[in-house]
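These are my notebook entries on one chain. I record what I looked up, in order.

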Amino acid sequence: MRVIVVKDYAELSRNAARMVAGQIYLKPDCVLGLATGSTPLGMYWELTQDYRDSGLNFAEVTTFNLDEYLGLAPDDPQSYHYYMQQNLFAKVNIKPEHTHIPTGQPQDIATACREYDAAIKAAGGIDLQVLGIGKNGHIGFNEPDLKFEATTHMVKLDEETIAANARFFKSAAEVPRFALSMGIKNIMYARKIVLLASGEEKAEAIYRTVYGKITPVTPASILQLHQDVTVIVEEGAAGLLLEGRAQS
Ligand code: PGA
């Protein structure tokens, strides 16, 4: 694991965007694994600027998002389909048919999960996977559990995740309770991974990810076993790493 501590969120966003842009320059028809949430917003903004100002070309890029809430239509402003349109897809020259997000409205959940895994495989696997991290150490919507879920699956969201994500909804009651998420194997099969974390509230999860025991109780800790992970962490989220201790 390579850990890069940066001074603030702007620098985190620029560094993350540089990694993604570098991947696209190296392999124009690369497959990107994408994340949602607050953390990658600055990275997406930087990428739209690179497209506008430097001609970063998304024409041959394929993307797979980590997750989607169950029950939300793609045009629901709270859905991750909508988020991706707003923050990246509608602003660059990516082909809509090259973008993939788990469906929020599956006819059959098991089939939707199987098809998502098959689509990742058919695309040749993920070259670079971008991850955020939950306060509870989740990656995608792989919540703390007794075992690692391998492939795309239905998740019951943790109360902590519902509370954290309530800020995007009118109230916590409106946050969907279930989601579809890529599994840990999908993520670990990516050739390269970049994990982003910002804010003191992520410090404990980051400490456990980098130095903790590898356990499904801290899903991100499995990344210690991946051969090419870069953690870009802003000073607040790096607090315990820099002090070399856990909070509890
Ligand atoms: P955030 O979410 O970027 O909004 O903090 C990250 C996550 O929950 O994975």
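How much area does the chain expose, and what share of it do carbon and sulfur atoms supply? I find about 11200 Å² exposed, with 52% supplied by carbon and sulfur atoms; the areas come from the Shrake-Rupley method with a 1.4 Å probe, and for residues only the protein chains shown count as cover.

I note that this is a predicted model, in which local features need pLDDT of at least 70, side-chain atom pairs count only at pLDDT 80 or more, and totals for chains, interfaces and linings use all residues. Residues are numbered from 1 along each chain as its sequence is written, and side-chain values use heavy atoms, with hydrogens and water left out.

Overall form. I looked up the radius of gyration (taken over C-alpha atoms). The chain has 17 Å, which agrees with the value near 18 Å for a compact globule of 248 residues; the globule rule is 2.2 Å times the number of residues to the power 0.38. The C-alpha atoms fill a box of roughly 45 × 40 × 35 Å along the principal axes.

Secondary structure. I find eight helices and ten strands, these being DSSP runs (helices H or I, at least four residues; strands E, at least two) numbered from the N terminus.

Burial. Of the 248 residues, 54% are buried, meaning under 20% relative accessible area with a 1.4 Å probe, protein chains only.

Helix H7. I looked up residues 203-211 and found seven of the nine buried, so H7 is largely enclosed by the rest of the structure. Among the buried residues are Glu-204, Tyr-207 and Thr-209. Their cover includes strands S1 (2-6), S9 (192-197) and S10 (229-234) and helix H8 (239-243), with contact meaning heavy atoms within 4.5 Å.

Note on methods
Buried means under 20% relative accessible area, exposed over 50%, partly exposed in between (1.4 Å probe, protein chains only).
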